[in-house]
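Q: Could you take me on a close walk through one part of this model? Pick a helix, follow the chain out of it, and tell me what you run into along the way.

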Amino acid sequence: MQAWRVHENGEPGEVMRLEETAAPTPGAGQVLLKVRAANINFPDALLCRGQYQVRPPLPFTPGVEICGETEDGRRVIANPALPYGGFAEYAVADAAAVLPAPDALDDAEAAALHIGYQTGWFGLHRRAALQPGETLLVHAAAGGVGSAAVQLGKAAGAKVIGVVGGPEKARVAEELGCDVVIDRRADDLVSVVKEVTGGRGADVVYDPVGGDAYAKSTKCVAFEGRILVVGFASGAIPTPALNHALVKNYSVVGLHWGLYNTKDPEAVRRCHDTLTELAAKGAIKPLVSERVALQDGAAAVQRVADGVTTGRVAIVPEGAAV
């Protein structure tokens, strides 16, 4: 089979190599999956750089989220078990964590449903307890993680403010359903949030960016607001001023969705059922901006790493679609 492999750490466009290699052999409790579509996540870039919390042995194949096909023909979504990731024609996954792909979504959309939407649902509902009528501020609203949070926030009955960088991403955020869109390059984020909330601020902040995004969020979070720390795509990990959280009476809430797979896997399955129902109703639909061939995988991962894409980019191996 063909697979992208990383033999040394570095930028995805430089260290990912498309090679002919043997199909992986599933271990105990694992299944072999034919890859129908592989969604590109920012952690794939971090894996290539050697900066992710998981560091698989070299060489490895990136790709942490796929829609695949079992040997008996079932269409499923899964997080491949590294080092045999999803940027290949075949991958392996833990059988217990494989989930049915929603009928309402095509392969690329189904591949993009899992990590971003699970993170969004657990963050907004289980960690931040978002309520109908509250205001949700979403950073990087046109990106893969942010676009999922926007859709889930709207489905929950929240007023959604999306923060983006540039007019093209602003158009995407509007199309996703944001009630208000802030271009951080042209607008004063703090002033706009206070203006559109009547001075109250945002009840929940969804922050996969960190750095300056977090700093500005603390200036426009509401009384008893919740700032959800989801990731650090900016590369800058903020240091919260706890005295400020005390004085303004807001919460800083961390979310590492991957822990639920080991701590509470049944909650992950229940969440998947909820997401499947929302997809069937048309309330959520992953925004897949590009579908690229396997041979173009490295360049696509680099674009995601550089932050120039919108929504999700999916790798679709030749002949994968049935």
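A: Helix H4 is mostly covered in this predicted model, with ten of its 14 residues buried. The buried set starts with a run from the beginning of the helix: His114, Ile115, Gly116, Tyr117, Gln118, Thr119 and Gly120. Phe122, Gly123 and Leu124 complete the buried list for H4. Follow the chain out and, just after H4, you meet Ala129, which takes a positive phi of about 50 degrees.

Keep going and you reach Glu134, which sits in the loop between H4 (114–127) and strand E8. Its relative accessible area is 15%, so this acidic residue counts as buried, the cut-off being under 20%. What does the side chain of Glu134 find to pair with? A polar atom of that side chain lies 2.9 Å from the backbone nitrogen of Gln131. The side chain of Glu134 also makes a polar contact with the side chain of Arg226, again at 2.9 Å. If you skip the neighbours within four places in sequence, the residues touching Glu134 are Ala129, Ala158, Lys159, Asp203, Val204 and Arg226. So the residue with the positive phi just after H4, Ala129, turns up again as a contact of Glu134.

Some of those contacts lead on to helix H7. Lys159 belongs to strand E9 (159–164), while Asp203 and Val204 belong to strand E11 (202–207), and both strands help cover the buried residues of H7. Strand E8 (135–139), strand E10 (180–183) and helix H8 (212–217) are also part of that cover. As for H7 itself (residues 189–196), Leu189, Val190, Val192 and Val193 are buried. Looking down the axis of H7, you'd find its buried residues inside an arc of 165 degrees, so they line one face of the helix. The general reason that such patterns arise is that an α-helix has 3.6 residues a turn, so residues three or four places apart point the same way. After H7 comes Gly198, with a positive phi near 65 degrees.

From E10 you can step back to a charged pair. Asp179 and Lys154 meet through their side chains in a salt bridge, 3.0 Å from N to O. Asp179 is in the loop between helix H6 (167–176) and E10, and Lys154 is in helix H5 (residues 144–155), so the bridge ties together parts that are 25 residues apart in sequence. Both partners are partly exposed: Asp179 has 41% relative accessibility, and Lys154 has 32%.

How many salt bridges are there in the structure? There are 14. Another of them pairs the side chains of Arg303 and Glu290 at 2.7 Å, N to O. This one links helix H12 (residues 297–306), home of Arg303, with strand E14 (residues 288–293), home of Glu290, and the two residues are 13 apart. Arg303 is partly exposed at 28%, and Glu290 is partly exposed too, at 25%. Elsewhere, Arg36, Glu69, Arg75 and Asp107 are joined into one network by salt bridges that share partners.

Conventions:
Residues numbered from 1 in each chain as written. Predicted model: local features only at pLDDT ≥ 70, side-chain atom pairs only at ≥ 80, totals over all residues. Heavy atoms only, no water. Buried < 20%, exposed > 50% of the residue type's maximum accessible area, 1.4 Å probe, protein only. Helix = DSSP H or I, 4+ residues; strand = E, 2+ residues; numbered from the N terminus. Arc of directions from axis to C-beta. Contact = heavy atoms within 4.5 Å. Polar contact = N/O pair within 3.5 Å; in protein donor to acceptor, adjacent residues only side chain to side chain. Salt bridge = Lys/Arg side-chain N within 4 Å of Asp/Glu carboxyl O.
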